[in-house]
Amino acid sequence: MSGTTLADWLRAQDDTVLVALLRARPDLATPVPADTAVLAARISTRASVSRACEDLDTFTLTVLEALLVLDADLNPVPQPDLARLLGKEVKPRPLKQALATLRGRALLWGPDDALSTPPASRDAVAAFPAGLGRSVPALADVDLEPLGEDELRVLKTLADGPPIGQTRDAALVVALEQAKTPIQKLLARGLLIRRDGQTVELPREVGLLVRGDRPLGRIQVTEPPMKSTALDVSVVDETGAGEALELLRHAESLIAAWSDDPPAVLRTGGLGVREMRKIAKDLEIDEQRASLLIEVVVAAGLVGDSEGAEPEWVPTALADSWLTATPEVRWSTLAQAWLDVPRLPGLIGQRDERERLLNPLSAELNRANAPRDRRWVLEALAGREPGTTVADASELAAVLAWRAPRRGGRLRDELVRWTMAEGTALAVLSRGAMTTAGRVLIGEGPALASKQLADSLPAPVDHFLVQADLTVVAPGRLEPELADELALVADVESAGGATVYRVGDNSVRRAFDAGRTASDLHELFRKGSRTPIPQSLTYLIDDAARKHGRLRGGSAGSFLRCDDPVLLTEVMAHPAADTLELRKIAPTVLVSPLVLADVLDGLRAAGFAPAAEGADGRVLDLRARARRIPGKARATRRPAHVPTPSEEQLGELVRLVRAGDRARSTQRGERISVPANHGNGPSATLGLLQQAARDGRSVLVDLVDSHGTAATRVIKPQIVGGGVLEGYDLSYGEVRRFPLHRITSAALVED
């Protein structure tokens with residue numbers, strides 16, 4: 001049966017249908033098709049068909065495979081034949097919807113009594129559509145009654161798919177009387193096809209006969225169910241906000257740790273397992289979360305490879321500006337970096353095909369489609385009602401597998417689980433549901449997402465609770481300045497909804513080393529605490545203040561001075577004096593050739609409490625400065641998919657295709673081409689256009705646009721000169737201007 005060609009079917013569609021087609025398959029729009037014939041040829045390429053099938057659901061793909069089983073890529077197929085093949089369990093409505101989807105992507109065309117698919121569909125969709133082999137029409141009415149159980153067992157195995165099998169019996173084809181094995185008997189009966197000396201194939205007709213009432217097996221028309229519960233959106237957002245603050249705390253701690261002691265870059269790239277485990281232990285988090293944190297801070301440009309002779313992972317200058325930003329901005333930076341990173345952190349800890357362990361930051365984690373697939377999972381969650389939770393990642397994986405079985409690859413189910421776990425750690429998800437900030441992030445970008453998170457974060461508090469055991473409880477997120485001051489004088493003991501700090505000798509001395517005085521610390525606790533200050537804390541601060549700074553050091557290499565000669569005598573009597581190479585130059589002054597920081601550290605280790613002194617006598621802060629490397633601009637990543645043009649662009653593109661069709665159908669006279677060595681030359685072309693303008697005749701011109709795309713237009717010239725042809729474009733329907741140097745040939749339109 002002959003049918004309508006794809007090009008003819010496209011020409012018969014209205015512009016809205018073609019615009020929808022180009023929106024669904026944006027790869028067809030680049031470069032702009034010269035006419036419908038070119039568009040039809042592009043639609044039928046294997047790569048384009050394969051790409052168009054990526055977002056088809058399981059049932060729609062089954063319908064397409066059924067059409068290929070009926071050879072719709074060779075000859076048109078009536079819809080009743082398709083319905084019979086699918087079976088009675090497929091109702092007319094879902095079948096109609098599937099056919100409409102296929103038509104909308106030009107994977108199917110023609111009326112219901114003559115359905116056709118592109119020839120490339122067979123190669124792009126499946127080598128054996130529906131698990132069935134090649135057709136042998138002569139076997140359509142074969143009788144399986146004479147077959148033995150062993151032969152039927154072989155047929156059933158091949159009928160379940162795939163329809164080919166490897167066997168040594170394929171090497172020898174004998175008469176039925178001489179056949180000994182089931183394969184030899186089936187080959188002798190003609191129920192199997194011998195492909196080569198080791199391969200046999202079950203013909204399509206035999207496979208359908210063996211399958212019986214379910215020729216295509218059990219067809220899943222609708223997506224599988226997914227259990228979910230509904231939570232209040234505020235609960236989801238508040239939980240996510242708490243997770244965001246925890247993420248920021250861990251990121252700050254990692255940057256601080258690697259500022260002081262940057263880990264080495266492995267010779268093969270990446271970060272060693274020992275260093276990863278060390279940071280996990282220091283931050284008191286599991287290794288999986290530590291690996292994700294490392295990947296995210298590097299993806300955000302906060303840490304980079306120093307690329308020296310002995311490269312290390314060092315915080316960049318961007319980390320300083322990030323550390324001073326508001327919590328919501330810092331979160332959006334990390335969340336967007338995770339969303340866009342073309343890597344799979346979930347692979348860390350697994351082994352590759354060579355049994356090598358996959359380390360954090362290693363090149364083996366790179367996956368170009370990771371951002372697209374990550375968004376695919378998140379958009380599925382965002383498509384549900386706000387506050388709707390998905391407790392089981394395997395159920396979500398099953399739903400996504402039905403919606404797009406050709407996406408995700410072999411790691412599809414793992415990708416869903418990884419994305420849900422990572423999204424929860426990044427506060428994009430919370431309790432199995434999308435946070436409001438997460439929805440805004442994937443829909444409108446990080447700027448608006450940060451504002452949304454700010455609304456969910458608890459209001460910062462301006463007080464804390466000092467307890468008798470020298471612990472300080474912050475009942476919420478402290479105001480930034482108060483948090484910095486408290487972190488200077490106390491160590492974090494536990495974090496969460498309420499952060500617990502502990503004040504000790506070392507932490508108080510740290511505050512004094514940073515230039516704080518005893519009165520400063522007393523004032524901090526007096527103003528900040530909502531509970532009475534325990535006497536033990538007052539004694540601790542005053543006692544540390546009396547010891548601190550009695551020894552004064554300066555660089556000479558370095559010197560120590562003290563108003564108490566007895567204390568200096570005690571220092572000189574200590575074994576550390578020899579190590580630090582101290583010598584007395586006056587009753588109250590000692591000097592050393594070592595740098596001041598080393599001398600002070602040595603004395604502190606010996607039990608003394610020296611302080612650094614500047615030229616004006618004030619205490620100096622000699623804490624090690626954070627190491628930094630220049631920040632690198634994050635590379636602009638090309639999207640893994642072809643960007644979809646706007647509606648206006650698609651409408652314009654369809655008009656150009658229609659214009660090309662009208663030009664192709666116009667008869668032309670003698671053709672004058674450019675340049676001169678391929679025809680009569682530019683002067684002859686110019687003369688023809690000017691003569692057409694004087695006579696009011698139309699011309700066919702071949703031209704190349706600014707993108708290098710060739711096109712043909714029917715023009716009625718009005719003005720020819722100054723390097724420009726201006727005229728009414730009959731194929732486009734308006735007056736247009738064309739640079740003469742882009743016209744490659746011209747011919748008068750014949751009446």
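This is a short tour of one helix and one sheet in a predicted model.

Begin by selecting residues 92–104, which make up helix H7. With 13 residues at 1.5 Å a residue, H7 should span 18 Å, and because its end C-alpha atoms are 18 Å apart, the model agrees with that expectation.

Next, keep H7 in view and highlight Pro 94, Leu 95, Ala 98, Leu 99 and Leu 102, which are the buried residues of this helix. They cover an arc of only 140 degrees around the axis, which means that they lie on the same side of H7. The spacing fits a general rule: an α-helix has 3.6 residues a turn, so residues three or four places apart point the same way. To see what this buried set packs against, add helix H5 (58–69) and helix H6 (79–86) to the selection. Then turn to the other side of H7, where Pro 92, Arg 93 and Lys 96 are exposed. Before leaving this region, select Ala 106, just after H7, which takes a positive phi of about 60 degrees.

Now move to the sheet, an open one in which 3 strands follow the order S1-S3-S2 with antiparallel pairing. Select strand S1 (164–166) and strand S2 (193–196), which stand at the edges; each has a single partner strand, so one side of each is left without a neighbour in the sheet. Neighbouring strands here are turned by 30 degrees against each other on average, direction ignored.

Finally, select strand S3 (residues 199–201) together with S2, since the two pair in the antiparallel sense over 3 bridges, and look for Asp 196, whose bridge partner in S3 is Thr 199.

Definitions and conventions. Residues are numbered from 1 along each chain as its sequence is written. This is a predicted model: local features need pLDDT of at least 70, side-chain atom pairs count only at pLDDT 80 or more; totals for chains, interfaces and linings use all residues. Side-chain values use heavy atoms; hydrogens and water are left out. Helices (H or I, at least four residues) and strands (E, at least two) are DSSP runs, numbered from the N terminus. The expected span of a helix is 1.5 Å times one less than its number of residues. Buried means under 20% relative accessible area, exposed over 50%, partly exposed in between (1.4 Å probe, protein chains only). The arc is that of the directions from the helix axis to the C-beta atoms. Contact means heavy atoms within 4.5 Å. Two strands pair if DSSP finds at least two bridges between them. Axes are lines fitted to C-alpha atoms, for helices over the stretch in contact, and angles run from 0 to 180 degrees between N-to-C directions.
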